[in-house]
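Student: Could we go through this structure together? I am new to it and would like to begin with single residues before turning to the ligand.

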Amino acid sequence: MVERLELALRDGTPVIVRALLEEDRPAVAEAYRRLSPEGRYQRFWTPVGELLGAAMLDRLIEQNPQKHLTWVVLDPARGFPGVGGASWWRNAADPAEAEISAMVLDADQRRGIGTLLLAVMWLTALRADVEQLVAYTLHDNRRAAKWMQDCGAVGTWDGYKLVFRWNLLQPERLPATPTADDFAAWLAQLSPMLLGC
Ligand SMILES: CC(C)(COP(=O)(O)OP(=O)(O)OC[C@H]1O[C@@H](n2cnc3c(N)ncnc32)[C@H](O)[C@@H]1OP(=O)(O)O)[C@@H](O)C(=O)NCCC(=O)NCCS
């Protein structure tokens, strides 16, 4: 099973994209510390401090290709920690569904890293026979909401949060946006590597 890819971002920057390893624990804690308060709030939804709790660290690091994966994007020129990461967790009550989340360092946003990570999440979830991805965002997280819609998600409002869904077996037609083009290109490029087709 492929767990490490050597790729290039749109601007040509070479990156390593791989599953998180137990030895990454200190780097993940450090990456969390480097996030802006806004970024932390958008991803974790609580005004948490600079330190990532042990339980959340465990939740991110423990890897199980059928239940949960976290992948990170690393810029070898800058070393650890990485510039972004994304996870999916299978829903125990509905194994056809997995929840995803993504986080890119503030200074590295809009470089295509989130879209690359979403394509990796999509394909690794599909590899585990997940049929539907779901992501939640706060109502005022417009950038994330637009990004998910650009990547083909269908959004609804549940009265508390925005809920975005992707049907992996019958994907929506992607809108005509640069992000959608990037997303389609990553899916096409990574499918042979991650799915073997
Ligand atoms: C949401 C998030 C993950 C998106 O990651 P990202 O790496 O910034 O996203 P990408 O760069 O892949 O794509 C989005 C941007 O790239 C731009 N883009 C995409 N392809 C492009 C291209 N070929 N040329 C120029 N710009 C392009 C898009 O227009 C978009 O910019 P916009 O925000 O101005 O509309 C990131 O903003 C983030 O970490 N937010 C905080 C945490 C969070 O909200 N997570 C989501 C909830 S779990």
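**A guided conversation**

Tutor: Aspartate 94 has a relative accessibility of 34% and therefore counts as partly exposed; buried means under 20% relative accessible area, exposed over 50%, and partly exposed in between, with a 1.4 Å probe and protein chains only. This is a predicted model, in which local features need pLDDT of at least 70 and side-chain atom pairs count only at pLDDT 80 or more, while totals for chains, interfaces and linings use all residues. Residues are numbered from 1 along each chain as its sequence is written, and side-chain values use heavy atoms, with hydrogens and water left out.

Student: Where is aspartate 94 found?

Tutor: Aspartate 94 is found in strand E5. Helices (H or I, at least four residues) and strands (E, at least two) are DSSP runs, numbered from the N terminus.

Student: And how far apart are aspartate 94 and valine 130 in space?

Tutor: Their C-alpha atoms are 9.8 Å apart, and the two residues are 36 residues apart in sequence.

Student: Let us move to the ligand. Where does the ligand sit?

Tutor: The ligand sits in the largest pocket. On a 1 Å grid over the protein atoms alone, a pocket is an open set of points with protein on both sides within 12 Å along at least five of seven lines, where a 1.4 Å probe fits. A molecule sits in a pocket if more than half of its atoms lie within 2 Å of the grid points of that pocket.

Student: Which elements give two or more residues to the shell around the ligand?

Tutor: They are strand E5 (94–104), helix H4 (113–127), helix H5 (142–150) and helix H6 (178–194). H5 gives the most, with five residues.

Student: Which residues come nearest to the ligand?

Tutor: Of the 23 residues around the ligand, the nearest are Val104, Gly112, Gly114, Thr115 and Asn141. A residue is near a molecule if one of its heavy atoms lies within 4 Å of that molecule.

Student: How do the residues of that shell divide into nonpolar, polar and charged?

Tutor: There are eight nonpolar, nine polar and six charged residues in the shell. Ala, Val, Leu, Ile, Met, Phe, Trp, Tyr, Cys and Pro count as nonpolar, Asp, Glu, Lys and Arg as charged, and the others, Gly among them, as polar.

Student: What about polar contacts with the ligand?

Tutor: A polar contact is a pair of N or O atoms within 3.5 Å; within protein, one must be able to donate a hydrogen and the other to accept it, and residues adjacent in sequence count only if both atoms are side-chain atoms. A nitrogen atom of the ligand is 3.0 Å from an N or O atom in the side chain of arginine 10. For glutamine 109, a side-chain N or O atom lies 3.1 Å from an oxygen atom of the ligand. At glycine 114, a polar backbone atom is 2.7 Å from a ligand oxygen atom.

Student: How much of the ligand's accessible area does the protein cover?

Tutor: The protein covers 83% of the 960 Å² that the ligand has on its own. Accessible areas come from the Shrake-Rupley method with a 1.4 Å probe, and for residues only the protein chains shown count as cover.

Student: Back to H4. Is threonine 124 buried or exposed?

Tutor: Threonine 124 is buried, because its relative accessible area is 1%. This residue is found in helix H4, and a polar contact of 3.0 Å joins its side chain to that of tryptophan 88.

Student: And leucine 118, buried or exposed?

Tutor: Leucine 118 is buried, with a relative accessible area of 2%, and its place is also in helix H4. Leucine 118 and alanine 102 are 16 residues apart in sequence, with 7.7 Å between their C-alpha atoms.

Student: One more topic: which sign does phi usually have?

Tutor: Most residues other than glycine have a negative phi. Arginine 110 has a positive phi of about 70 degrees although it is not a glycine.

Student: Where is the place of arginine 110?

Tutor: Arginine 110 is in the loop between E5 and H4, and it counts as exposed because its relative accessibility is 68%.

Technical notes
1 Å grid on protein atoms, 1.4 Å probe; cavity = no way out; pocket = protein on both sides within 12 Å on 5 of 7 lines; lining within 4 Å.
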